[in-house]
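Student: I would like to learn how to read the packing of helices and strands in a model such as this one. Could we go through it together, feature by feature?

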Amino acid sequence: MNTNKDSILTKSFNSVRPIYNISPFTLLDFPDTVACILWFAGCNMRCGYCYNPEIVEGKGRVSYEEALSFLDKRKNLLDGVVFSGGECTLHQGLPWLASQVKRKGMKVKIDTNGSRPFVLQNLIAERLVDYLALDFKSLPENFQSVTKSNLFAAFEESLELLVYSKVPFEVRTTLHSHLFTPKDITEMVKFLKASGYQGNYYLQHFVGNTKTLEELPPSEKRKIEKDYSVPGIKVIWRK
């Protein structure tokens, strides 16, 4: 990116406030990396079990300029930055912000629902992302009821893109026993394998002790928790 263009983009994006808030420190969200999390406001899905309704339905309060200023102050303490949300890929300035983070010598992780494959393709092509976490919400027959969206085809395109890219990534799913059966999970693992995915598939239980987009009954863990691993895909329950 040339200096003049960079200056123009800086002025343009610094007037925007896309980030809801910043978690200054995490050892759990970016493998083997000391990181912070930038929580981007807004999402194009409405999953009932979403733990971040205030972010999904709220407006951004932190500008790119303020986020970069924060990173400058933490430069010797952080190795990476997680772009999460909400859905971070909805924001036009995301590639520019990722480029600024990379210039600071920090790594970038993207948390995404896979609904914007063309954004992921751009980030990968420009070498602006070091790791991704792809949320696998459901198979197509239940995708609308789980996410209140018709974005499964976009997710499938993102999965295919990541499978054939060289960027490390993981697939993960949040499960509620009233929304998923053991057969559903088995079929999701089969879908991943048929798509060419190899690696860890992380499952986590819905835990109803915090505000979510919908009021859901408690999830009965015993109904769905077992080992769903198959050759090439290790299924890991996150506690």
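Tutor: Keep in mind throughout that this is a predicted model. Two packed helices are described by the angle between their axes and by the distance between those axes. Take helix H4 (residues 94-103) and H5, which pack at an angle of about 25 degrees with their axes 10 Å apart. Since angles under 35 degrees count as roughly parallel, that makes H4 roughly parallel to H5.

Student: Which residues of H4 and H5 meet, and what is the handedness of the crossing?

Tutor: On the H4 side they are Leu94, Pro95 and Ala98, and these meet Val119, Asn122 and Leu123 in H5. Sorted by class, this contact has five nonpolar residues, one polar residue and no charged residues. The crossing in which H4 passes H5 is right-handed.

Student: At what angle does H4 pack with H3, and how far apart are their axes?

Tutor: H3 and H4 pack at an angle of about 20 degrees, and their axes are 11 Å apart, which makes H3 roughly parallel to H4. Here too the crossing, of H3 past H4, is right-handed. Tyr64, Leu68 and Leu71 in H3 meet Leu94, Trp96, Leu97, Gln100 and Val101 in H4, and the residues of this contact divide into seven nonpolar, one polar and no charged. Notice that Leu94 is listed in the contact with H3 and also in the contact with H5.

Student: How do the axes of H5 and H7 lie with respect to each other?

Tutor: The axes of helix H5 (residues 117-125) and helix H7 (residues 152-163) come within 9 Å and cross at roughly 20 degrees, and the two helices are therefore roughly parallel to each other. H5 contributes Pro117, Leu120, Gln121 and Ile124 to the contact, while H7 contributes Ala154, Glu157, Ser158, Leu161 and Leu162. By class, the contact has six nonpolar, two polar and one charged residues.

Student: Turning to the strands, in what order do they form the sheet, and which ones stand at the edges?

Tutor: Eight strands form an open sheet in the order E1-E2-E3-E4-E5-E6-E7-E8, with mixed pairing. Strand E1 (19-26) and strand E8 (233-238) stand at the edges, and each has a single partner strand, so one side of each is left without a neighbour in the sheet. From one strand to the next, the twist averages 20 degrees. For a single pairing, look at E7 (residues 199-205) and E8, which run parallel and are joined by six bridges; Gly199, for instance, has Ile233 in E8 as its bridge partner.

Student: How many salt bridges does the structure hold, and what can one learn from a single pair?

Tutor: Side chains of opposite charge can pair when their charged atoms come close. The structure holds 10 salt bridges, and one of them joins Arg17 to Glu66, whose closest N and O atoms are 2.8 Å apart. Arg17 lies in the loop between helix H1 (3-13) and E1, and Glu66 lies in helix H3 (residues 64-73), so the pair ties together parts that are 49 residues apart in sequence.

Student: Which backbone angles should I look at in the loops?

Tutor: One is the peptide bond from Gly85 to Gly86, which is cis, with omega near 20 degrees; Gly86 is found in the loop between strand E3 (80-85) and H4. Another is phi of Asp32, which is near 60 degrees, a positive value in a residue other than glycine. Asp32 is found in the loop between E1 and strand E2 (35-40).

Key: Residues are numbered from 1 along each chain as its sequence is written. This is a predicted model: local features need pLDDT of at least 70, side-chain atom pairs count only at pLDDT 80 or more; totals for chains, interfaces and linings use all residues. Side-chain values use heavy atoms; hydrogens and water are left out. Two strands pair if DSSP finds at least two bridges between them. Helices (H or I, at least four residues) and strands (E, at least two) are DSSP runs, numbered from the N terminus. Axes are lines fitted to C-alpha atoms, for helices over the stretch in contact, and angles run from 0 to 180 degrees between N-to-C directions. Angles under 35 degrees count as roughly parallel, over 145 as roughly antiparallel, 65 to 115 as roughly perpendicular and the rest as oblique. Contact means heavy atoms within 4.5 Å. Ala, Val, Leu, Ile, Met, Phe, Trp, Tyr, Cys and Pro count as nonpolar, Asp, Glu, Lys and Arg as charged, and the others, Gly among them, as polar. A crossing is left-handed if the near helix is turned anticlockwise from the far one by less than a right angle, and right-handed if clockwise. A salt bridge is a side-chain nitrogen of Lys or Arg within 4 Å of a carboxyl oxygen of Asp or Glu.
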